Amino acid sequence: MKGLLIILSVLTGILGGEYNAKTLSVAEQDSILAVSGQTSAVSGRYRLEKENAQKIFRHSEVADWFIVDTMRHTRKQLGGGPVRDAIMSPNGRYVAFAKGNNLYVHKLDFGTEVAVTKDENPDIINGVADWLYEEEFATTALFAWSPDSKSLAFVRLDETEVPTFSWEAYLMNEGVSELGNERYPQYSRIESLRYPKAGCANAKASVCVYDVATKGILTLKDLTNERVSDVYFPRLKWKDENTLMVLRVNRDQTKMEVFACNAKSTVASLWYREESKKYFVDYSLFDEWQWLSDGRVIVLSEQDGWRQAYLYKNDGTQVRALTPEGIDVTAIYGVNAQTQTLYYQAAATPSTRQIYAVGFKKSVISNQLSEGEGFWSARFDKEATRAVFCYQSFDTPNTYSLCKVDGVKCKVERTIADNKEVQEAWQANELPEPELMNINGLEAMLMMPNEGVSELVNEGKRPLVVMHYSGPASQRVLNRWRKKFEYALVEAGYAVLIVDPRGSDCKGRAWRNETYMSLGQKEADDLIMAAKEMAKRDDIDGERMAIMGWSYGGYQTLFTMSQKNHPFKAGVAIAPVTDWRLYDSAYTERYMRRPQVNARGYEEASLLSRAKDLTGSVLIIHGTADDNVHAQHTWQYIDALVQADKQFEMQIYTDDNHHLRKGNNAQHMHNRVLNFLRKAL
């Protein structure tokens with residue numbers, strides 16, 4: 001068992017399947033530079049190289065960035081020390097980067113650096129994300145160069161009114177302790193960060209534009225007036241050298257607006273608006289929009305009930321939908337302007353992905369370019385004439401092919417990498433692959449141990465572990481190469497069911513919003529139903545079933561085990577949310593709105609009031625330095641369990657975060673879970 005767990009942890013680092021750019025010819029590398037996987041940025045004479053990256057939070061990092069002059073063969077450090085998010089200008093003459101909470105521009109022609117902002121207040125952040133933007137809007141850099149490299153747009157965040165969350169740290173961060181030990185200090189220390197919880201004050205955001213020549217900064221005041229102040233600006237995108245497209249999302253995330261802003265006059269004109277009274281509006285679809293050279297725009301939206309690609313005129317008028325109803329588009333890859341063809345990825349079925357092409361003419365229907373059941377993705381060159389297709393499935397690791405595309409047709413030129421060695425190494429474990437199934441409308445997949453694994457068999461029946469995440473718009477049931485902890489459970493003799501309850505992705509907007517404003521209950525009903533259906537099988541022991549989840553999955557595990565009719569003998573909740581009033585504003589309010597307007601929804605979703613109803617053996621796991629789901633969730637919940645006289649098991653990891661990967665923690669946790677399940681089942 002331990003050997004398999006080690007293999008899993010090692011393979012996790014290589015199964016992403018990046019291919020080696022050296023396998024491509026020079027021409028091929030030029031045409032698909034976006035998929036080369038390089039960790040440096042190249043622009044003519046200069047190249048940026050990154051070293052010694054150190055994580056800040058989940059995505060952000062500081063690193064040593066170096067400017068390499070390929071003509072003079074020199075190498076100079078950017079910013080004189082660790083910096084964040086170095087981005088070269090389109091003309092290759094400047095590099096913008098963040099140091100501390102301020103933005104800087106390095107002028108490559110002269111080797112000098114200019115401070116764009118000079119705020120000394122630690123609560124003012126220029127151009128980079130605070131914790132909330134990074135975690136819930138999937139970004140670290142909130143600045144962007146204009147196409148002519150004359151302007152730098154950025155978001156300014158004022159965190160002055162955002163409450164601070166603190167936790168105690170017990171291990172050495174760096175250096176040597178007073179006791180002469182490199183790990184264990186004599187005294188603890190307090191760590192803290194600005195963290196807006198549901199209903200609390202967010203950072204005040206504004207959008208600014210810096211003029212490289214004059215060094216002046218203009219604020220786009222039309223975007224944040226007295227009427228509209230509590231908003232998010234998660235994306236900036238230049239349409240041309242004078243027009244900045246700004247994405248603005250209201251606090252409840254029920255309205256998404258795109259403004260065309262004149263960078264010189266600061267006048268902002270509303271270009272696109274989408275609003276819903278019933279659902280949240282998905283800001284992330286903006287990332288897939290494509291601006292065409294003639295001014296038209298490909299817009300991805302779920303305004304008609306499914307994620308579809310629409311063609312819009314330059315003035316923001318919709319022409320028509322390009323992709324069919326009844327199927328969710330999951331990515332837009334590019335547009336060939338000459339053939340007027342759009343290339344995109346869509347969920348042919350909820351558990352699969354295929355690649356399609358469709359022409360702009362109304363008479364042209366979508367043509368599927370990929371072949372074979374599984375998970376297809378792609379990267380296209382700028383002109384959308386060539387692409388790298390990636391295929392994977394339960395039993396096939398990432399396989400990359402170089403393709404030539406022409407209109408709605410595609411020709412595979414050659415295979416770049418097939419990862420056969422990885423596939424053969426994995427197959428040597430002789431572990432079963434998942435079986436896709438549908439349980440009363442729920443997508444699921446079942447993994448049964450091999451017949452030779454008999455230790456846990458009782459009268460021909462095996463114990464079942466239901467693994468899930470269950471969060472809104474998420475998916476775990478996917479026909480892709482994914483080798484994680486469920487395989488260790490299967491090797492140990494457990495049957496494993498992975499299931500996506502209501503609220504999951506790629507089944508239309510209404511399904512995604514089934515749990516809107518009322519998290520917990522419908523997901524619990526679905527998980528209970530799926531487990532009871534599995535208990536009807538001759539090879540599943542309905543008296544020995546467990547449920548396991550992480551983060552939202554940990555929350556849902558405890559919520560489900562607090563239902564009177566649940567069939568689970570045991571549950572594992574890792575880093576669980578226990579009350580949504582304790583979680584961050586952007587995520588929670590996206591699906592629940594604010595506690596001030598949905599007090600009943602928050603109360604009914606809370607585990608603190610349900611502690612008295614918990615039944616079954618429970619193992620709760622948390623890291624004390626979790627900056628995402630704070631250990632506060634667990635501390636308050638176990639107090640509620642104690643007051644209700646409920647027994648439980650716990651595993652705490654000192655100074656570890658939401659991922660629990662420090663040192664030997666992951667290995668220890670896996671073994672802890674296996675030992676708990678063996679005892680409980």
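Buried, as the word is used here, means under 20% relative accessible area, with exposed meaning over 50% and partly exposed in between (1.4 Å probe, protein chains only). The model is predicted, so local features need pLDDT of at least 70 and side-chain atom pairs count only at pLDDT 80 or more, while totals for chains, interfaces and linings use all residues. Residues are numbered from 1 along each chain as its sequence is written, and side-chain values use heavy atoms, with hydrogens and water left out.

**A covered strand and its partners**

Helices (H or I, at least four residues) and strands (E, at least two) are DSSP runs, numbered from the N terminus. Strand β25, which spans residues 341-346, is mostly covered, with six of its six residues buried. T341, Y343 and Q345 point to one side of β25, whereas L342, Y344 and A346 point the other way, and all are buried.

Two strands count as paired if DSSP finds at least two bridges between them. Strand β25 is joined to β24 (residues 329-336) by six antiparallel bridges, and V329 has A346 as its bridge partner in β25. A hairpin is formed by β24 and β25 with four residues between them, and Q340 in the turn has a positive phi of about 55°. Strand β25 is also joined to β26 (residues 354-359) by six bridges, again antiparallel, with A346 standing opposite Q354 in β26.

**Two open sheets**

Strands of a sheet pair through backbone hydrogen bonds, either parallel or antiparallel. In one open sheet, eight strands follow the order β32-β33-β35-β34-β36-β37-β38-β39 with mixed pairing. Its edge strands, each pairing on one side only, are β32 (435-439) and β39 (649-653). Neighbouring strands of this sheet are turned by 20° against each other on average, direction ignored; axes are lines fitted to C-alpha atoms, for helices over the stretch in contact, and angles run from 0 to 180 degrees between N-to-C directions.

Another open sheet has four strands in the order β16-β17-β18-β19, paired antiparallel. Here the edge strands are β16 (231-238) and β19 (268-275), each of which pairs on one side only, and the twist averages 20° from one strand to the next.

One strand pair from each sheet is set out below.

| Strand pair | Sense | Bridges | Bridge partners |
|---|---|---|---|
| β37 (residues 570-574) and β38 (residues 617-623) | parallel | five | G571 and V618 |
| β18 (residues 255-262) and β19 | antiparallel | seven | K255 and E275 |

Helices also lie across the eight-stranded sheet. Helix α8 (residues 552-560) lies across β34 (462-468), β36 (540-550), β37 and β38, and runs at about 140° to β36. Helix α11 (residues 632-643) lies across β38 and β39, running at about 155° to β38.

**A residue in an edge strand**

Y653 is found in strand β39, and Y653 counts as buried because its relative accessibility is 4%. With contact meaning heavy atoms within 4.5 Å, and leaving out residues up to four places away in sequence, Y653 touches I621, H622, G623, T624, L660, N665, H668, M669 and R672. The side chain of Y653 makes a polar contact with the side chain of H668 at 2.7 Å; such a contact is a pair of N or O atoms within 3.5 Å, where within protein one must be able to donate a hydrogen and the other to accept it, and residues adjacent in sequence count only if both atoms are side-chain atoms. The C-alpha atoms of Y653 and A573, 80 residues apart along the chain, are separated by 14 Å.

**Cores and an enclosed helix**

In soluble globular proteins, nonpolar side chains tend to be buried together. A nonpolar core is a set of buried Ala, Val, Leu, Ile, Met, Phe, Trp, Tyr and Cys residues joined through side-chain atoms within 4.5 Å. The largest such core has 134 residues, and those with the most contacts inside it are L244, W289, I298, L342, L497 and W580. Apart from it lies another core of 37 residues, including V422, L431, I621 and L674.

Helix α9 (residues 585-592) is largely enclosed by the rest of the structure, because eight of its eight residues are buried. The cover over the buried residues of α9 includes α3 (131-136), β16, α8 and α10 (599-605). D584 caps the N-terminal end of α9, with a side-chain oxygen 3.2 Å from the backbone nitrogen of A586, and α9 is followed by R593, whose phi is positive, near 55°.
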